[in-house]
Amino acid sequence: MGSEHCQSENAFRPHNRVSVHPYEEYHSKYGSCRPVREFEIAGKGDISLIRREVDRFFADRLAFWSEVRLPILITLSEAVTNVVKFTPGGKLMIFAGEAGPCFHIIDHGCGLDLDVLLCIISGKRFSTYSSLGMGFPIMVRFAEEVTVYTSEQGTILVLQFDLDRIVKENPAV
């Protein structure tokens, strides 16, 4: 899979790094793509397991992984934590993009409330009740693009990272 960015006439862009698309578009866009790694998300223990395995996977493949690992692992931890806390489960799929890694987090929940998502992205509110907490703003901060596919069938987050941007914006990491 290349670093193609989702463009859809049905897309909704509440933030310059976030787009929201109909759930059905995910399969037409990514259905033929094959991940390089895949992890089931079923419980709290999967958060640290996934973080550790992703760290190990990229440490062996990217010479400068130590310079970009922290923002990516924090973002992934937030996304996986949301799956564990708010849904019956899901999975993480890792893809290799031209600009950097791309992560697809798929859950089997009831979908996101788009009004709450708008409030959180705009910075107008966060809480632990009926919202996404601070995890989503953290994801938006570090990911180059966050694409959301959501419906009553669940939610799919596609987190695209630009490693050059991470290094430039986080020199102390």
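A salt bridge is a side-chain nitrogen of Lys or Arg within 4 Å of a carboxyl oxygen of Asp or Glu. By that criterion the structure shown above, which is a predicted model, holds 7 salt bridges. The idea behind such a count is that side chains of opposite charge can pair when their charged atoms come close.

One of these pairs is formed by the side chains of Lys-91 and Glu-38, which meet with a separation of 3.5 Å from N to O. Lys-91 lies in strand 4 (residues 90-96) and Glu-38 in strand 3 (residues 37-41), so this salt bridge ties together parts of the chain that are 53 residues apart in sequence. Neither partner counts as buried: Lys-91 is partly exposed, with a relative accessible area of 24%, and Glu-38 is likewise partly exposed, at 39% relative accessibility.

Another pair joins two helices, for the side chains of Asp-55 and Arg-69 meet in a salt bridge of 2.7 Å, N to O. Asp-55 belongs to helix 2 and Arg-69 to helix 3 (residues 65-86), and the pair, 14 residues apart, links distant parts of the chain. Arg-69 itself is partly exposed, its relative accessible area being 30%.

A further salt bridge is found between Glu-169 and Arg-141, whose closest N and O atoms are 3.8 Å apart. This pair also links distant parts of the chain, since Glu-169 sits in helix 6 (residues 163-169) and Arg-141 in helix 5 (residues 135-142), 28 residues apart. Glu-169 is partly exposed, with a relative accessible area of 36%, and Arg-141 is partly exposed too, with a value of 39%. Through salt bridges that share partners, Arg-17, Arg-141, Glu-144, Arg-165 and Glu-169 are joined into one network.

What, then, is the situation of Asp-46, a charged residue that has no salt bridge? Asp-46 is found in helix 2 (residues 45-59), and it is buried, while the nearest side chain of opposite charge, that of Arg-52, is 8.4 Å away. That distance is well outside the salt-bridge cut-off, which requires the atoms to be within 4 Å. There is nevertheless a polar atom of the Asp-46 side chain that lies 2.6 Å from the backbone nitrogen of Ala-42. If neighbours within four places in sequence are left aside, Asp-46 is in contact with Glu-40 and Ile-41.

From charged side chains we can turn to the strands, beginning with strand 6 (residues 145-151). Of its 7 residues, 7 are buried, so this strand is largely enclosed by the rest of the structure. In a regular strand the side chains alternate between the two faces of the sheet. In strand 6 both faces are covered, with Glu-145, Thr-147, Tyr-149 and Ser-151 buried on one side and Val-146, Val-148 and Thr-150 buried on the other.

Which strands pair with strand 6? Strand 2 (residues 18-22) pairs with it in the parallel sense over 5 bridges, and within this pairing Thr-147 is the bridge partner of Ser-19. Strand 7 (residues 154-160) pairs with strand 6 in the antiparallel sense over 7 bridges, and the two form a hairpin with 2 residues between them. Along this pairing Ser-151 stands opposite Gly-154, while Thr-147 stands opposite Val-158.

Strand 7 is mostly covered as well, with 7 of its 7 residues buried. Gly-154, Ile-156, Val-158 and Gln-160 point one way from this strand, whereas Thr-155, Leu-157 and Leu-159 point the other way. Strand 7 also pairs with strand 5 (residues 101-107), in the antiparallel sense over 5 bridges, and here Leu-159 is the bridge partner of Phe-103.

Some of these strand residues reappear in the nonpolar interior. The largest nonpolar core has 34 residues, of which Val-54, Leu-92, Phe-103, Ile-105, Phe-136, Val-146 and Leu-159 touch the most other members. Helix 3 supplies the largest share of this core, 8 residues. Apart from this core lies another, of 11 residues, among them Phe-95, Ile-106, Ile-156 and Val-158. Val-146, when residues up to four places away in sequence are not counted, touches Arg-17, Val-18, Ser-19, Phe-136, Met-139, Val-140, Leu-157, Val-158 and Leu-159.

Conventions. Residues are numbered from 1 along each chain as its sequence is written. This is a predicted model: local features need pLDDT of at least 70, side-chain atom pairs count only at pLDDT 80 or more; totals for chains, interfaces and linings use all residues. Side-chain values use heavy atoms; hydrogens and water are left out. Buried means under 20% relative accessible area, exposed over 50%, partly exposed in between (1.4 Å probe, protein chains only). Helices (H or I, at least four residues) and strands (E, at least two) are DSSP runs, numbered from the N terminus. Two strands pair if DSSP finds at least two bridges between them. Lys and Arg count as positive and Asp and Glu as negative; His and the chain ends are not counted. A polar contact is a pair of N or O atoms within 3.5 Å; within protein, one must be able to donate a hydrogen and the other to accept it, and residues adjacent in sequence count only if both atoms are side-chain atoms. Contact means heavy atoms within 4.5 Å. A nonpolar core is a set of buried Ala, Val, Leu, Ile, Met, Phe, Trp, Tyr and Cys residues joined through side-chain atoms within 4.5 Å.
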